[in-house]
Protein chains: 2
Amino acid sequence: MRKDTSTNALNEKQIRDSCGMAYSLNIIGGRWKPAILCRLSYGLMRYSELKKSIEGISERMLVAQLKELEKDKVIERLVYPEVPPRVEYKLTALGLTMKPMLAAMSDWGNLHRQQVNAVDEQTKVVY
Amino acid sequence: MRKDTSTNALNEKQIRDSCGMAYSLNIIGGRWKPAILCRLSYGLMRYSELKKSIEGISERMLVAQLKELEKDKVIERLVYPEVPPRVEYKLTALGLTMKPMLAAMSDWGNLHRQQVNAVDEQTKVVY
DNA sequence: CTGTATCCTAGCTGATACTG
DNA sequence: CAGTATCAGCTAGGATACAG
């Protein structure tokens, strides 16, 4: 394995890392999945709770994202055959393994957001 | 702070977490930024090296993503007024603080990808 | 070598209405 | 309550040619 040219040379590990990251993004990326996963990381919630808590999401998108997450086996759908119907969503065992990653992402985001606010806008804090 | 109803109740921390995560995704999300950040996390690279190492990316997208990352202050653009021109990209101090998050994401992705391969396809391993 | 400029497509996303 | 169905718009992304 040659040390190669002047600057940074590609190696297999970097390629794999990039693939892994892209793979994670495929699952947790997009506009709504972070919000869903974050909420479910605190415990199970039912459909209507998710819908109410995630401001601006349409039913169409909520259902679509939940389905994808279910397909990827990170969340689980629990249907109770009652009237009125009740459906709950929760992280699977695999989903729970994402918590460190999710935590790292929200931590960095919150920290950086604060810094940006502090530098650029001084007082503007939006939650 | 009431304990609220039957299942999981929203609280301020969850909202913030979700925002932080979405904020991170705004910066590192998309199809190409993970690949770029992963490579630069190992050290500086010049434009042509990035282009060559990231298979399938067009010049248009590479430039666009690099510009966004620069605007977000996570990478830095170093221009050497030479002939032929040379431009290098590297993580900023802020960009370096992302490394734990990036590592968490690539680790989880690689691990989960292996599991999926192991369960669903036995032998198929694509890098 | 390091980009711009132009045009084009596909799929994500939103709004709304409807159903078991 | 927990979804489906349909239509339409936007924008991220891709192909190609050109420029400093």
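## Asn110 of chain A

In this predicted model, A:N110 counts as buried because its relative accessibility is 13%, which falls under the 20% cut-off for that class. The residue has its place in helix α6 of chain A, a helix that covers residues 99–121. The side chain of A:N110 also makes a polar contact with the side chain of A:R113, and the two are separated by 2.6 Å in this contact.

## Helix α2 of chain B

Helix α2 of chain B, made up of residues 33–40, is largely enclosed by the rest of the structure, because eight of its eight residues are buried. The buried residues of α2(B) include the charged B:K33 and B:R39, and they also include B:P34, B:A35, B:I36, B:L37, B:C38 and B:L40.

## The protein surface around DNA strand C

DNA strand C is surrounded by 19 residues, of which the closest are A:R31 and A:R60 from chain A together with B:S48, B:E59 and B:R77 from chain B. Of the atoms of DNA strand C that come within 4 Å of the protein, 55% belong to sugar and phosphate. Sorted by class, the surface near the strand has nine nonpolar and nine charged residues, with one polar residue besides.

Four elements each supply at least two residues of this surface: α4 (59–71) of chain A, and from chain B α3 (47–53), α4 (59–71) and β3 (86–91). The largest share comes from α4(B), which gives four residues.

## Individual polar approaches to the strand

Two side chains can be placed against phosphate oxygens of DNA strand C, one from each protein chain. In chain A, an N or O atom in the side chain of A:W32 is 3.1 Å from a phosphate oxygen of the strand, while in chain B an N or O atom in the side chain of B:K67 is 2.9 Å from a phosphate oxygen.

The backbone takes part as well, since an N or O atom of the backbone of B:P85 lies 3.1 Å from a sugar or linking oxygen of DNA strand C.

## Aromatic rings and charges

A pair of aromatic rings is described by the distance of the centres and the angle of the planes. With ring centres required to lie within 6.5 Å, the count of aromatic pairs over all chains comes to zero.

Charges over rings are found in both protein chains. In chain A, A:R86 lies over the face of A:Y80 at 4.0 Å from the ring centre, and in chain B the charged end of B:R86 sits over the ring of B:Y80, with 4.0 Å to its centre.

Note on methods: Residues are numbered from 1 along each chain as its sequence is written. Chains are lettered from A and ligands numbered from 1 in the order in which they are written. This is a predicted model: local features need pLDDT of at least 70, side-chain atom pairs count only at pLDDT 80 or more; totals for chains, interfaces and linings use all residues. Side-chain values use heavy atoms; hydrogens and water are left out. Rings of Phe, Tyr and Trp (its six-membered ring) pair if their centres lie within 6.5 Å; planes under 30 degrees apart count as stacked, over 60 as edge-to-face and the rest as tilted. A charge sits over a ring if NZ of Lys or CZ of Arg is within 6 Å of the ring centre and within 35 degrees of the ring normal. Buried means under 20% relative accessible area, exposed over 50%, partly exposed in between (1.4 Å probe, protein chains only). A residue is near a molecule or strand if one of its heavy atoms lies within 4 Å of it. A polar contact is a pair of N or O atoms within 3.5 Å; within protein, one must be able to donate a hydrogen and the other to accept it, and residues adjacent in sequence count only if both atoms are side-chain atoms.
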